[in-house]
Amino acid sequence: MAEPIDIRAADGYPLGGFAWRRPCDPRRPHPVAVINAATSVRCRYYARFADWLHGHGWDVVTYDYRGIGESRHCGLRRLQADWIDWGQHDFEGVLQYVTWGFPGQPIDVVGHSAGGFVIGLAESAHRVRRIFTMGAQYAYWRDYAPAARRAMFLRWHVAMPLLARVLGYVPAKRLGWMEDTPKGVALDWARMGPRFEGTVRRGRETQEGEPEAEMLARRFGQVRAPILALGIEDDPFGTVPALDRLLDYYTGSERHHLRLAPAAIGQAEIGHFAFFHERFREALWPLALDWLRTGEPPTRPLGALTHRPADDPQATGGTTWPRAWWRRRRRRYQAR
């Protein structure tokens, strides 16, 4: 049975969520899994999957990002929050919570959509043992599925930012899209470019005088957990280019990218959200379970499976991105 929990984000913002706990066995500590939700999806959406994972040997923690569900404490017009806050502060606070609240237990993460992106923004993400993601990307519009791209661009990159600027937030629930969304999150999504550090936190510097976004981009390389990234062929967000674009940042991780067509499990459609529906308990959920349990990709995958080892930092001076690219970015930033 899940219990409500209170968590403090790294900057002190109060977050709400739920925990499924097993009896403690100091001789054989069992793992704890954190579920990172998609953008503006309540953590309650993942409750059945969390309960199932708990039944297979994990403690589980779900939570809402600031401004969403259990973590909405005021009108969104007054809330200053963006995607970076959700990772750098909210997920970081959750990692600190499970580190101290579940001592000695391995930490695994399940990330849905942007929930796979925010992992790399947290300073403590190096503590994670294994990562499973479903449709994880950061919504660069050119990566959307071609057949849906025009409609998605009009909704997420024209209508959504317009509503955010006019109303101070996005009343997405009234529109039947998702939960109401903070303005900063909506604008991050709407203007996202091919590299996220070229879009977010413009004009903000670290204490050392470096553009903050560039520091955050490098932080992804500190993650050492192997990743199994699942992409569904009829998911208009989770295309091959979209998932690979995010995986490019996790340079310190061994990365597996599994592509699955709905027909492979006898379904007409799955899309971006249905993986976490209970009807896929037998057909899809074991993919996550087996990966988190063993760290081994499927021996008989239902679709195409690609593999990339962790990059060699010595070959690239500590980063996989060309140094000339970083110099151009710095010159453009300093010229503003």
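Helices (H or I, at least four residues) and strands (E, at least two) are DSSP runs, numbered from the N terminus. The model is predicted: local features need pLDDT of at least 70, side-chain atom pairs count only at pLDDT 80 or more, and totals for chains, interfaces and linings use all residues. Residues are numbered from 1 along each chain as its sequence is written, and side-chain values use heavy atoms, with hydrogens and water left out.

**Exercise 1.** Describe the annotated stretch at residues 43–151.

*Solution.* The UniProt record, an unreviewed entry, places the feature "domain: Serine aminopeptidase S33" at these positions; such annotations may be inferred rather than shown by experiment. Over residues 43–151, helix accounts for 32% of the chain and strand for 17%. The end C-alpha atoms of this stretch are 27 Å apart.

**Exercise 2.** Determine the strand order of the open sheet and identify its edge strands.

*Solution.* Two strands pair if DSSP finds at least two bridges between them. On this basis, nine strands form an open sheet in the order 1-2-4-3-5-6-9-10-11, with mixed pairing. Strand 1 (3–8) and strand 11 (304–308) pair on one side only and are the edges. Neighbouring strands are turned by 20 degrees against each other on average, direction ignored. Next, take one pair: strand 2 (residues 14–20) and strand 4 (residues 59–63) are antiparallel, with four bridges. Within that pair, alanine 19 stands opposite valine 61.

**Exercise 3.** Locate helix 2 relative to the strands.

*Solution.* Contact means heavy atoms within 4.5 Å; axes are lines fitted to C-alpha atoms, for helices over the stretch in contact, and angles run from 0 to 180 degrees between N-to-C directions. Helix 2 (residues 83–101) lies across strands 1, 2, 3 (32–36), 4, 5 (107–112) and 6 (128–134). Its direction makes about 115 degrees with strand 1.

**Exercise 4.** Characterise the lining of the largest pocket and of the second largest pocket.

*Solution.* A pocket is an open set of points on a 1 Å grid over the protein atoms alone, where a 1.4 Å probe fits, with protein on both sides within 12 Å along at least five of seven lines; lining residues have an atom within 4 Å of a point.

- The largest pocket has 22 lining residues, with Trp156, Trp189, Phe237, His272 and Phe273 nearest its centre.
- Helix 4 (residues 149–167) supplies the largest share of that lining, four residues.
- By class, this lining holds 16 nonpolar, five polar and one charged.
- For the second largest pocket, the lining contains three nonpolar, four polar and nine charged residues.
- Helix 6 (183–190) gives the most to that second lining, with three residues.

Here Ala, Val, Leu, Ile, Met, Phe, Trp, Tyr, Cys and Pro count as nonpolar, Asp, Glu, Lys and Arg as charged, and the others, Gly among them, as polar.
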